[in-house]
Amino acid sequence: MKISIVIISYNRPEDLLELAKNISSLQYAKEYLEEVIIVNNNSPVSYESVERFIENCPEIPFRYYRTADNLGVSRGRNFAIQKSSSPILVFLDDDAVFKSMDALLQIQKIFSTQYADRPTGIAAFKVYYYDTLALQQTAFPHKQFHKRKELPRFSAAYFAGCAHAIKKEVFETVGYYPETFFYGMEEYDLSYRVINAGYAIRYDASVEVLHKESPLGRLPGKDKLRGMWINKSTVAWKYLPQLYYFSTAFLWSLEYLRKTKFDAAGWVTGWKKILRIPASEKRTPLNDAAKKYLKKVRARLWY
């Protein structure tokens with residue numbers, strides 16, 4: 001199966017240039033790499049260095065797009081998905097690089113392996129911090145990090161957006177990323193739909209990625225943090241038993257207060273939007289098979 005690599009970039013030309021060079025050095029590119037789709041999300045900074053590298057690297061099938069406005073994460077990915085032509089799509093943040101130079105071969109193996117329970121719809125990769133080479137817990141697709149971090153592979157309930165691969169047929173079956181989510185939690189929304197459709201999410205440590213995020217994490221602004229709180233509550237309302245909608249909304253509200261040093265005005269704004277979710281979002285609860293899958297993989301659903 002051929003592979004498309006998808007990168008959505010905003011204000012990171014230096015990091016993107018390093019990633020483009022990294023991709024150009026991957027093993028098995030001639031055999032498996034169909035295209036590298038780069039979406040410049042209408043960044044105000046110059047991407048001339050990236051554009052020049054692409055022009056001088058015709059052996060790698062780069063396809064470069066610049067959007068008319070900042071589409072955000074979900075809309076940017078959806079834009080790229082519709083431009084792609086391969087059965088497997090690999091998504092990387094623009095501040096990441098492959099540590100495994102045989103990543104294309106390993107991704108082939110992940111999706112070619114036959115499982116008795118469910119076919120693999122999404123693959124999550126092993127992500128390290130770029131500077132320290134420590135395993136990035138926030139990019140690990142299970143809350144039982146210390147119990148599972150040494151496992152070579154396991155089934156999961158969600159995936160991290162910075163480095164993953166998805167069969168294109170998955171999007172054709174369950175739809176694209178939610179475009180109402182400008183920032184945050186779009187992976188959870190897609191994960192539940194994928195699991196509900198009978199696919200599995202597999203973590204596989206054979207594909208290793210280096211991520212330039214600080215070990216201290218990215219501290220989103222108040223608006224982004226409030227959006228994450230609202231989006232996670234929306235996901236819980238749409239797919240999970242109603243108890244989890246209330247627990248998610250409440251516990252994330254406490255997290256919002258903690259991280260914003262008690263931004264009362266933003267907290268009230270968030271609650272107003274969350275209390276409107278039941279009237280604006282249709283519930284599409286997970287089927288019994290999906291619930292059993294989540295229980296089997298020990299998914300954390302409370303928040």
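How many cavities of 30 Å³ or more does the count come to? The count comes to 2 cavities, and the legends below visit both of them, along with a helix, a serine and a pocket. Keep in mind that this is a predicted model.

**View A. The largest cavity.** About 110 Å³ of space lies in the largest cavity. Its lining is made of 13 residues, and those closest to the centre are Ala157, Tyr158, Tyr188, Ala299 and Arg300. Sorted by class, the lining has 8 nonpolar residues, 1 polar residue and 4 charged ones.

**View B. The second largest cavity.** Here the space is about 60 Å³. Look around the second largest cavity and you will find Tyr188, Tyr192, Lys232, Val235, Ala236, Leu240, Thr248, Arg300, Leu301 and Tyr303 in its lining. Helices α8 (186–196) and α9 each supply at least two of these lining residues, and the largest share, 3 residues, comes from α9. By class, the lining of the second largest cavity has 7 nonpolar, 1 polar and 2 charged residues.

**View C. Helix α10 and its surroundings.** Follow helix α10 through its 18 residues, from 242 to 259. From its first C-alpha to its last, α10 reaches 26 Å, close to the 26 Å expected at 1.5 Å a residue. Which residues of α10 are buried? They are Tyr244, Tyr245, Ser247, Thr248, Ala249, Trp252, Ser253, Tyr256 and Leu257. The cover over these buried residues includes α9 (222–239), α11 (264–275) and α12 (277–280). After α10 comes Lys261, with a positive phi near 55°.

**View D. Ser233 in helix α9.** Zoom in on helix α9 to find Ser233. Is Ser233 buried or exposed? Ser233 counts as buried because its relative accessibility is 0%, and buried means under 20%. Leaving aside residues up to four places away in sequence, Ser233 touches Tyr245, Thr248, Ala249, Ile274 and Ile277. Among these contacts of Ser233, Tyr245, Thr248 and Ala249 are buried residues of α10.

**View E. The second largest pocket.** This pocket holds about 260 Å³ of space. Its lining has 14 residues, and Thr180, Phe181, Gly227, Ile230 and Asn231 lie nearest the centre. The elements giving two or more residues to this lining are α9 and α12. With 6 residues, α9 gives the most to the lining of the second largest pocket. What classes of residue make up the lining of this pocket? They divide into 5 nonpolar, 5 polar and 4 charged residues.

Definitions and conventions: Residues are numbered from 1 along each chain as its sequence is written. This is a predicted model: local features need pLDDT of at least 70, side-chain atom pairs count only at pLDDT 80 or more; totals for chains, interfaces and linings use all residues. Side-chain values use heavy atoms; hydrogens and water are left out. Helices (H or I, at least four residues) and strands (E, at least two) are DSSP runs, numbered from the N terminus. The expected span of a helix is 1.5 Å times one less than its number of residues. Buried means under 20% relative accessible area, exposed over 50%, partly exposed in between (1.4 Å probe, protein chains only). Contact means heavy atoms within 4.5 Å. On a 1 Å grid over the protein atoms alone, a cavity is a set of points where a 1.4 Å probe fits but cannot get out, and a pocket is an open set with protein on both sides within 12 Å along at least five of seven lines; lining residues have an atom within 4 Å of a point. Grid points are joined across faces, edges and corners, and a volume is the space filled by probe spheres set on the points. Ala, Val, Leu, Ile, Met, Phe, Trp, Tyr, Cys and Pro count as nonpolar, Asp, Glu, Lys and Arg as charged, and the others, Gly among them, as polar.
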